[in-house]
Amino acid sequence: MKLHRANCDGTPMQETHREGEGDRCEENDREPPTDRDSVPVRPETSVQSGVEPVVIESGKIDLKELDNDWKIIKEPTLAAQVFKDNLLSEHATGKPLRLKMDVRESEEDRERALLSFYKQQQEWACPLHCTLDGGVGQTLLFEGEPDHLVPAASEVLIESNLFRVAGRMIAHSFLHDGPHVTGLSPAVIHVLFNGDPEMATIVVEDCPDLHIRSIIQMLELEELTQEQKDTVSDLSLSWDLPAVTKTNQRWLHNKLLVHAVIGRTMRQIKQLRKGLKDVMLWPLLTSRPDVVPLLFPKMAGMQFVPQMFLDKITWPVEDSDDEDEGLDIECKCRITGFLRVFIETASSDTLAQLLKFWVGWEMLPSELKVEFSGGTFPSSSTCFETLKLPAHYNTYKDFEEALVAAIDSAHTGFGLV
């Protein structure tokens, strides 16, 4: 994460005075009582019904004069930035958050250090001081297809309060202009911001369990066999819903889909909501629903072109400190040339996969570094946004096959913490 690298170079964050926030997040944490299939709707805070901002053109704004006027700025990106700057400024003299991690330790130890940090009760807008000695673990928090991701239905994760931890991490990363969670289901986002589950637009792709999905899809058929009726009824009865009949088939389809996507993840969504409130982003997100897509962007909307990568790359130089002893200029030029060709001919999806392998998420940093290594296959140091390329490839075909294999083997990202 960009935020977890914030002080890797030893640069301290600026600090100013923080004034009392009290225990307001504790009050925010109390959830209203709910039944199985619905939550209370508060239209004034729903994502779909936020305050319509007054038009203020971004080119005519003096940011120094803006304090709480983020509500009336038309451009959501600028409004979010003003809110974040104000929040960080208010808490800049608070007790710094300190995270220390040894990247040479095992994945289990690194994961433990990160989760331990975000489980603490802290003022999350205070300055962040992070020290890396020497990616993180692989606990799957979201599952499903791109743009249809839902919180994992794991009792262990729920009982460990890890989705509240995830909410803090998501909000904290957003606060410090770090990476985002991409591809979350619109239905989950709707309910996350107090929308009525019954009013959410849920599609069958939002159901990550393929077995349950196949049973629900049976209800889309004109006629069901007795075996199909029994299968559907077994599922509906296990969720306290009636058995399927000719008259309730469509109704039952919708009820099963709501429960499969929202009902089974309601506790996780509540924890995510609490985590967002802990970092004090809730006023921004509920008052400015146009900022929510900045926090949870769609993967389909993220299109990469080769020039976006080439403009960010810092190519190896002759006096670099990487593992290139004994490599001549011709060899270095050949390998960097192979990488340039790979980027220039790659599709947007392939570039997204390369970026995830390179830096750990699908968001371009300010700089992409390239180094030579003595390894067998391409590797990366995501903490330092560095791609490490072996120099033993003599043909582009061999280089391409190795890089594609390395990219395909990477299963980390912000959905995994």
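These are my notes on a predicted model of one protein, covering two helix pairs and several loop residues.

**Entry 1. Overall counts**

I began with the inventory. The protein has 417 residues, and 49% of them are buried. I listed 16 helices and eight strands. The accessible surface came out at about 20500 Å², with 50% of that area belonging to carbon and sulfur atoms.

**Entry 2. Helix 7 against helix 9**

I looked up the geometry of this pair before its residues. Two packed helices are described by the angle between their axes and the distance between the axes. Helix 7 covers residues 210–218 and helix 9 covers residues 249–261. Their axes come within 9 Å, and the crossing angle is roughly 160 degrees. Angles over 145 degrees count as roughly antiparallel, and I therefore entered helix 7 and helix 9 as roughly antiparallel to each other. I noted the crossing of helix 7 and helix 9 as left-handed.

Which residues of helix 7 and helix 9 meet? From helix 7 I wrote down Ile 212, Ile 216 and Met 218. From helix 9 I wrote down Gln 249, His 253, Leu 256, Leu 257 and Ala 260. By class, this contact has six nonpolar residues, two polar ones and no charged ones.

**Entry 3. His 253**

I then picked one residue out of that contact. His 253 sits in helix 9. Is His 253 buried or exposed? Its relative accessibility is 4%, so I filed His 253 as buried. Leaving out residues up to four places away in sequence, His 253 touches Ile 216, Leu 219 and Glu 220. Of these, Ile 216 is also listed among the helix 7 residues that meet helix 9.

**Entry 4. The loop between helix 6 and helix 7**

I checked two residues here, Val 204 and Asn 194.

Val 204 lies in the loop that runs from helix 6 (186–192) to helix 7. Val 204 counts as buried because its relative accessibility is 12%, and the cut-off for buried is under 20%. What does Val 204 contact beyond its neighbours within four places in sequence? I found Arg 213, Gln 217 and Leu 257. Leu 257 is also one of the helix 9 residues that meet helix 7. For Val 204 and Gln 217 I noted a sequence separation of 13 residues and a C-alpha to C-alpha distance of 7.7 Å.

Asn 194 is in the loop between helix 6 and helix 7 too. I noted its backbone: phi is positive, at about 70 degrees, although Asn 194 is not a glycine. Its relative accessibility is 9%, so Asn 194 counts as buried.

**Entry 5. Asp 147**

I logged another positive phi outside glycine at Asp 147, where the value is near 70 degrees. Asp 147 is found in the loop between strand 3 (142–143) and strand 4 (150–151). At 14% relative accessibility, I put Asp 147 down as buried.

**Entry 6. Gly 178**

Where is Gly 178? I placed it in the loop between helix 5 (162–175) and helix 6. Its relative accessibility is 1%, so Gly 178 counts as buried. I also looked up its distance to Trp 361, which is 183 residues away along the chain. The C-alpha atoms of Gly 178 and Trp 361 are separated by 9.9 Å.

**Entry 7. Helix 15 against helix 16**

I repeated the axis check on a second pair. Helix 15 (residues 348–359) and helix 16 (residues 396–408) have axes that come within 9 Å and cross at roughly 70 degrees. That angle makes helix 15 roughly perpendicular to helix 16. On the helix 15 side I found Gln 353, Leu 354 and Phe 357. On the helix 16 side they meet Leu 403, Ala 406, Ile 407 and Asp 408. The classes in this contact are five nonpolar, one polar and one charged.

**Entry 8. Gln 303**

My last entry is on Gln 303, in the loop between helix 12 (292–295) and helix 13 (306–310). With a relative accessibility of 51%, Gln 303 counts as exposed, because the cut-off for exposed is over 50%. Not counting residues up to four places away in sequence, Gln 303 touches Met 308 and Ser 348. Gln 303 and Asp 349 are 46 residues apart in sequence, and their C-alpha atoms are 7.9 Å apart in space.

Note on methods
Residues are numbered from 1 along each chain as its sequence is written. This is a predicted model: local features need pLDDT of at least 70, side-chain atom pairs count only at pLDDT 80 or more; totals for chains, interfaces and linings use all residues. Side-chain values use heavy atoms; hydrogens and water are left out. Axes are lines fitted to C-alpha atoms, for helices over the stretch in contact, and angles run from 0 to 180 degrees between N-to-C directions. Helices (H or I, at least four residues) and strands (E, at least two) are DSSP runs, numbered from the N terminus. Angles under 35 degrees count as roughly parallel, over 145 as roughly antiparallel, 65 to 115 as roughly perpendicular and the rest as oblique. A crossing is left-handed if the near helix is turned anticlockwise from the far one by less than a right angle, and right-handed if clockwise. Contact means heavy atoms within 4.5 Å. Ala, Val, Leu, Ile, Met, Phe, Trp, Tyr, Cys and Pro count as nonpolar, Asp, Glu, Lys and Arg as charged, and the others, Gly among them, as polar. Buried means under 20% relative accessible area, exposed over 50%, partly exposed in between (1.4 Å probe, protein chains only). Accessible areas come from the Shrake-Rupley method with a 1.4 Å probe; for residues, only the protein chains shown count as cover.
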